Amino acid sequence: MKKWITSNYHYMVPECDTKELLQADFSPYMADVKRGIAALGKECATPVVVGPVTIAYLTQFESFSKGYHNEQRKNLLAKLLPLYQQLLKDVAATGVTEIQVHEAALVFEDADILPLFQTTYPAILPTQGPAINIVSFMEDVGQSHYEWLTSVKEFDVISMDFTRGDSLSLIKANGFPKDKTLGCGVVDARSVWSIDPTKVKPILDAVLPIAGGNLRIQPSASLQFTPWDLSCEKEILAHPAGAVLAFATQKLKEVSVVAKACSNPDVLDSYSTAWTKYRAVASAPNSAVGQRIKSLASKDFERSEKFEARRPKQLKGVPLLPTTTIGSFPQTKEVRSLRTQKKKGLLSQKEYEAAIDQQIALAIGIQTGLGLDILVHGEAERTDMVEFFAQQMEGERETAMLSLLTKTLLSLTVSSCSTNSQECCSPPMAGCSRLAHDASVRPSFGPTSTVPLP
């Protein structure tokens, strides 16, 4: 596994032996596309495809050679192109009006990538049919990629992240084609904070004169990176920060709000008020912490014993190359059950700690039986690592609802939304979402709104 682009989320690295013949079975994906169409209509259901250049660029090859890596990518891409060409042809035949092609590799600074893109597009695109939305996220695409993107006449929509990187400078310096639509990812899809007018307004003011009526407001990336719904978090909402937080469901509303702000900036006033109130509370200093910092002395950064004295005590009686384990042990079904019982009040703190001690003893017994030299207790007493550390600090809040929008990043999925005005609800099927919106909606990472210009 590796971290996905610039995020702390991980993906399974594709692995490939370029000597093998590639075969693809897109029938499950096509079934999802058809289900989306049946539920939401051809005008709304928008298939999302992870682009072949991203797949080829991120693939780990069986016989890796640094100098030969780019040639291996080219060989793999050559095998992927006819498969993608047929896939996009089949998707276009369903009658959908737009296809999103997500090319995450657009944000990488690597001179070897551009030739791969030039080989791929427009070669794999249908000659007629749905509009093509080429999508990047989590960074700007850089000068050379921007020039290439805007030159490909077959791209109808170019979607970019305006919350990270410097996409705005690219637009200002190079302009934007009048025959294309700009997907402006200004609603931060990787942050739990709500839109901040002090950041959003300058972007809108700069982009509107350049893109004009060919502008879409949308999330900066897939909303799978944020928790599902803030309304479930009663304790967080009661906190001063609750007024300036937004999870996936709330960000759907923000897309529409920002789109309306293009012609009526007053709709952002409530957000400005909420941020002003929160900053007044958040900026209040913690006198106790300040006093502790002031009282720090040099002795607080020194060990009571030097390394040479500590080391023999730490490794007493172990061989030259001792065996041990790294990391915490898995949270077993029994451990999770104990934690649930404690949260429900079925176990007292004393009973819970005694039961956890038994689990720790079991872990140590297993290590002893295996003959390990250095034993660990396995950390059965703690919850999820991030949640556990957050609970030890002031100024941190953890969500009660930990379920995220967990669609696999490197799979072919359907993302769609309804143009009907209705209450937000859980998706009726994988890859589909419904939201309360005005009629001018087009899905991209979920929803987008066309900008209502004066």
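**Burial, pairing and backbone in one chain**

Of the chain's 454 residues, 43% count as buried (buried is under 20% relative accessible area, exposed is over 50%, partly exposed lies in between; 1.4 Å probe, protein chains only). The model is predicted, so local features need pLDDT of at least 70 and side-chain atom pairs count only at pLDDT 80 or more, while totals for chains, interfaces and linings use all residues. Numbering starts from 1 along each chain as its sequence is written, and side-chain values use heavy atoms, with hydrogens and water left out.

Student: How many helices and strands does the secondary structure come to?
Tutor: Both are DSSP runs, numbered from the N terminus: helices are H or I with at least four residues, strands are E with at least two. On that basis the chain comes to 15 helices and 12 strands.

Student: What share of the accessible surface belongs to carbon and sulfur atoms?
Tutor: Accessible areas come from the Shrake-Rupley method with a 1.4 Å probe; for residues, only the protein chains shown count as cover. The chain's total is about 24500 Å². The carbon and sulfur share is 55%.

Student: Among contacts between residues at least 6 apart in sequence, what share join residues at least 24 apart?
Tutor: A contact means heavy atoms within 4.5 Å. Pairs at least 6 apart in sequence form the pool. Those at least 24 apart make up 74%.

Student: Is Ile-134 buried or exposed?
Tutor: Ile-134 sits in strand 7, residues 131-135. Leaving out residues up to four places away in sequence, Ile-134 touches Val-101, Glu-103, Leu-106, Tyr-121, Leu-149, Phe-155, Val-157, Ile-158 and Ser-159. Its relative accessibility is 2%, so Ile-134 counts as buried.

Student: How far apart in space are Ile-134 and Asp-156?
Tutor: In sequence, 22 residues separate Ile-134 from Asp-156. In space, C-alpha to C-alpha, the distance is 8.1 Å.

Student: Which residue does a cis peptide bond join to Tyr-121?
Tutor: Most peptide bonds are trans. Here omega is about 10°. The partner lies in the loop between helix 4 (113-120) and strand 7. Tyr-121 is joined in cis to Pro-122.

Student: What is the phi of Ile-5?
Tutor: Most residues other than glycine have a negative phi. Ile-5 lies in the loop between strand 1 (2-3) and strand 2 (10-11), and counts as buried at 14% relative accessibility. Its phi is positive, near 55°.

Student: Which residue forms a salt bridge with Glu-379?
Tutor: Glu-379 is in the loop between helix 14 and helix 15 (385-391), with a positive phi of about 60° although it is not a glycine. Glu-379 is partly exposed at 28% relative accessibility, whereas its partner is buried at 10%. In a salt bridge, a side-chain nitrogen of Lys or Arg lies within 4 Å of a carboxyl oxygen of Asp or Glu. The closest N and O atoms are 2.9 Å apart, and the partner is Arg-382.

Student: How many salt bridges does a search of the whole structure find?
Tutor: Side chains of opposite charge can pair when their charged atoms come close. The search finds 10.

Student: Which residue forms a salt bridge with Arg-216?
Tutor: The closest N and O atoms are 2.7 Å apart, with Glu-98 as the partner. The pair links distant parts of the chain, 118 residues apart: Arg-216 is in strand 10 (residues 215-219), Glu-98 in strand 6 (residues 98-102). Both are buried, Arg-216 and its partner Glu-98.

Student: Which side chain meets Asp-196 in a salt bridge?
Tutor: The N to O distance is 2.5 Å, to Arg-279. Asp-196 is in the loop between strand 9 (181-187) and helix 7 (197-211), 83 residues from Arg-279 in helix 10 (residues 269-282). Asp-196 is buried at 6% relative accessibility. Partly exposed, at 38%, is Arg-279.

Student: Are helix 13 and helix 14 roughly parallel or antiparallel?
Tutor: The axes of helix 13 (residues 333-343) and helix 14 (residues 349-370) come within 10 Å and cross at roughly 175°. Axes are lines fitted to C-alpha atoms, for helices over the stretch in contact, with angles from 0 to 180 degrees between N-to-C directions. Under 35 degrees counts as roughly parallel, over 145 as roughly antiparallel, 65 to 115 as roughly perpendicular and the rest as oblique. Helix 13 and helix 14 are therefore roughly antiparallel.
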